[in-house]
Amino acid sequence: MSEAEPVALLGEPMGSARIIHTVLNEKIEEAPWKERTLAGIGRKVVCVHFIDRENDSTMIFKTEKGELAVQNHEPKPHVTVKLPQKKFYNLLKIPQGPLNLPALYKGGGWEVTKLLANRTIVVKGLLLHPIVSIRVLKVLAVPPDAK
């Protein structure tokens with residue numbers, strides 16, 4: 001890991017951890033405010049679980065030192081997003097709306113809303129930890145000026 005990376009890659013990562021690590025670092029690089037937004041998840045752990053790949057879960061969390069980190073299988077998640085790997089890229093197409101909130105009502109956001117309604121993407125823990133879920137989507141969302 002380079003010193004400049006805002007999100008660390010811990011343990012012996014599998015493919016999904018490397019992908020998510022790269023995406024988060026690129027998103028934070030394109031808009032520095034996203035690092036503060038992601039840090040706002042506090043001690044909650046978000047898991048991205050690709051259902052079409054065996055045991056390929058990636059945890060996004062803050063370490064005891066307060067640094068953002070990504071790794072496979074540990075610690076126990078508070079919010080779990082289960083989806084096919086190919087649908088992960090749909091999350092990256094969500095546009096940002098007012099106040100940098102994810103716009104799930106237009107463009108790529110509407111596609112994700114349909115996938116949620118069809119249960120292709122399942123989010124466990126959304127009702128208990130909605131702020132954490134929204135913060136992660138804010139980081140993954142595409143800025144309005146991007147083309």
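**Strand pairing, burial and aromatic contacts**

User: What makes β3 and strand β4 (residues 68–72) a pair of strands?

Analyst: In this predicted model, 5 bridges join β3 to β4, and the two strands run antiparallel. Pairing requires at least two bridges, so the criterion is met. Within this pair, Thr 58 has Asn 72 of β4 as its bridge partner. The hairpin of β3 and β4 has 5 residues between the strands, and Gly 66 takes a positive phi near 90 degrees there.

User: Which strand besides β4 is joined to β3, and in what sense does it run?

Analyst: Strand β2 (residues 46–50) is joined to β3 by 5 bridges, and the two run antiparallel. With at least two bridges required, β2 and β3 therefore count as paired. Val 48 stands opposite Thr 58 of β3, and Thr 58 is also bridged to Asn 72 in β4.

User: How do you know that strand β1 (residues 7–9) pairs with β4, and is the sense parallel or antiparallel?

Analyst: There are 3 bridges between β1 and β4, and the sense is parallel. The requirement is at least two bridges, so this is a pair as well. Val 7 stands opposite Leu 68 in β4.

User: Why is β4 described as largely enclosed?

Analyst: Buried means under 20% relative accessible area. Since 5 of the 5 residues of β4 are buried, the strand is largely enclosed by the rest of the structure. In a regular strand the side chains alternate between the two faces of the sheet. Both faces of β4 are covered, with Leu 68, Val 70 and Asn 72 buried on one side and Ala 69 and Gln 71 buried on the other. For strand β3 (residues 56–62), 6 of the 7 residues are buried, so β3 is likewise largely enclosed by the rest of the structure.

User: What makes the end-to-end distance of helix α1 (residues 15–30) agree with expectation?

Analyst: At 1.5 Å a residue, the 16 residues of α1 should span 22 Å, and the end C-alpha atoms are 23 Å apart, which agrees. The buried residues of α1 are Ser 16, Ala 17, Ile 20, His 21, Val 23, Leu 24, Asn 25, Lys 27 and Ile 28.

User: How many aromatic pairs does a search of the whole structure find?

Analyst: The search finds 2 aromatic pairs. One of them is formed by Phe 50 and Phe 88, with 5.8 Å centre to centre and 85 degrees between the planes. The centres must lie within 6.5 Å and an angle over 60 degrees counts as edge-to-face, so this pair is edge-to-face. Phe 50 lies in strand β2 and Phe 88 in helix α3, so the pair ties together parts that are 38 residues apart in sequence.

User: Why are Phe 50 and Phe 88 called buried?

Analyst: The relative accessible area is 1% for Phe 50 and 2% for Phe 88. Buried means under 20%, so both residues qualify.

User: What makes the pair of Phe 88 and Tyr 89 edge-to-face?

Analyst: The ring centres of Phe 88 and Tyr 89 are 5.8 Å apart, with 75 degrees between the planes. As the angle is over 60 degrees, the pair is edge-to-face. Tyr 89 is partly exposed, with a relative accessible area of 39%. Phe 50, Phe 88 and Tyr 89 form one aromatic cluster.

User: What is noteworthy about phi of His 73, and where does His 73 lie?

Analyst: Most residues other than glycine have a negative phi, and most peptide bonds are trans. Phi of His 73 is near 75 degrees, a positive value, and His 73 lies in the loop between β4 and β5. His 73 counts as partly exposed at 42% relative accessibility. That loop also contains Pro 75, and the peptide bond from Glu 74 to Pro 75 is cis, with omega near -15 degrees. Asn 100, which is not a glycine, has a positive phi of about 60 degrees and is found in the loop between α3 and α4.

User: Why does Leu 99 count as exposed?

Analyst: The relative accessibility of Leu 99 is 73%, and exposed means over 50%, so Leu 99 counts as exposed. Leu 99 is found in the loop between α3 (88–91) and α4 (107–117). Together with Leu 101 and Ile 134, Leu 99 makes a nonpolar surface patch of about 290 Å². Asn 100 is partly exposed, with a relative accessible area of 29%.

Methods
Residues numbered from 1 in each chain as written. Predicted model: local features only at pLDDT ≥ 70, side-chain atom pairs only at ≥ 80, totals over all residues. Heavy atoms only, no water. Patch = residues over 30% accessible without salt bridge, like charges linked within 9 Å, V, L, I, M, F, W, Y side chains within 5 Å. Areas by Shrake-Rupley, 256 points an atom, 1.4 Å probe, with all protein chains shown as cover. Salt bridge = Lys/Arg side-chain N within 4 Å of Asp/Glu carboxyl O. Helix = DSSP H or I, 4+ residues; strand = E, 2+ residues; numbered from the N terminus. Buried < 20%, exposed > 50% of the residue type's maximum accessible area, 1.4 Å probe, protein only. Expected span 1.5 Å × (residues − 1). Phe/Tyr/Trp six-rings, centres within 6.5 Å; stacked < 30°, edge-to-face > 60°.
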